[in-house]
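Reader: I am new to this structure and should like to understand the terms used to describe it. Please show me the sequence and the model.

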Amino acid sequence: MARPLITNMRGKQALERIRKIKPFIQASLTITKKRCGNPRCPCAQEGPLHEVALLTWKEEKRTRTLYVPIELRQEVERWVQEGKLLKRLVAEVSQAQREFLASKKKRRKSSKS
Ligand SMILES: [Zn+2]
């Protein structure tokens, strides 16, 4: 038999959602405009500049970046959104567990009196 989940309704709901999590990434996607460096490209003179999608994240206090090909932008954006959702759900379960503990404390006090 599976070990029962020691949590409350809030925790159960958040855990249920975590089980359905899709590929995620904890980073942000930024679109910037850059010159490509080709002197014959119109962007070398007056633009329009090229859009470049970059994934940025922190690793040991350093900001790291990775180029995101245009055909993967939407997909990577979904990973980023999923990463944010997971972060919220982790906070949600932590909050639920704190509430669970706090409710036990209250119950014990009231049963004594
Ligand atoms: Zn160019």
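Reader: What makes the arrangement of the four donor atoms around the zinc ion tetrahedral?

Author: The model is a predicted one. Its four donor atoms subtend angles of 101 to 116° around the zinc ion. Four donors count as tetrahedral if all angles lie between 85 and 135 degrees; the arrangement is therefore tetrahedral. For comparison, the ideal angle for four tetrahedral donors is 109.5 degrees.

Reader: Which protein atoms are the donors of the zinc ion, and how are the donor residues spaced in sequence?

Author: They are SG of Cys36, SG of Cys41, SG of Cys43 and NE2 of His50, lying 1.9 to 2.3 Å from the ion. A donor must lie within 2.8 Å of the metal. The spacing of the donor residues follows the pattern C-x4-C-x1-C-x6-H.

Reader: Why does Cys41 count as buried, and why does Cys36 count as partly exposed?

Author: Buried means under 20% relative accessible area. Cys41 has 13% relative accessibility and therefore counts as buried. The value for Cys36 is 47%. Partly exposed lies between the 20% and 50% limits, so Cys36 counts as partly exposed.

Reader: Where is Glu60 found, and why does it count as exposed?

Author: Glu60 is found in the loop between strand S2 (50-59) and strand S3 (62-67). Exposed means over 50%; at 78% relative accessibility, Glu60 therefore counts as exposed. Although Glu60 is not a glycine, its phi is positive, about 50°.

Reader: What makes Lys61 count as exposed?

Author: The relative accessibility of Lys61 is 81%, so Lys61 counts as exposed. This residue is found in the loop between S2 and S3. Lys61, a residue other than glycine, has a positive phi near 70°.

Technical notes:
Residues numbered from 1 in each chain as written. Predicted model: local features only at pLDDT ≥ 70, side-chain atom pairs only at ≥ 80, totals over all residues. Heavy atoms only, no water. Donors = N, O, S within 2.8 Å, 3.2 Å for Na, K, Ca; no water. Tetrahedral: all angles 85-135°; square planar, octahedral: opposite > 155°, others 65-115°. Buried < 20%, exposed > 50% of the residue type's maximum accessible area, 1.4 Å probe, protein only. Helix = DSSP H or I, 4+ residues; strand = E, 2+ residues; numbered from the N terminus.
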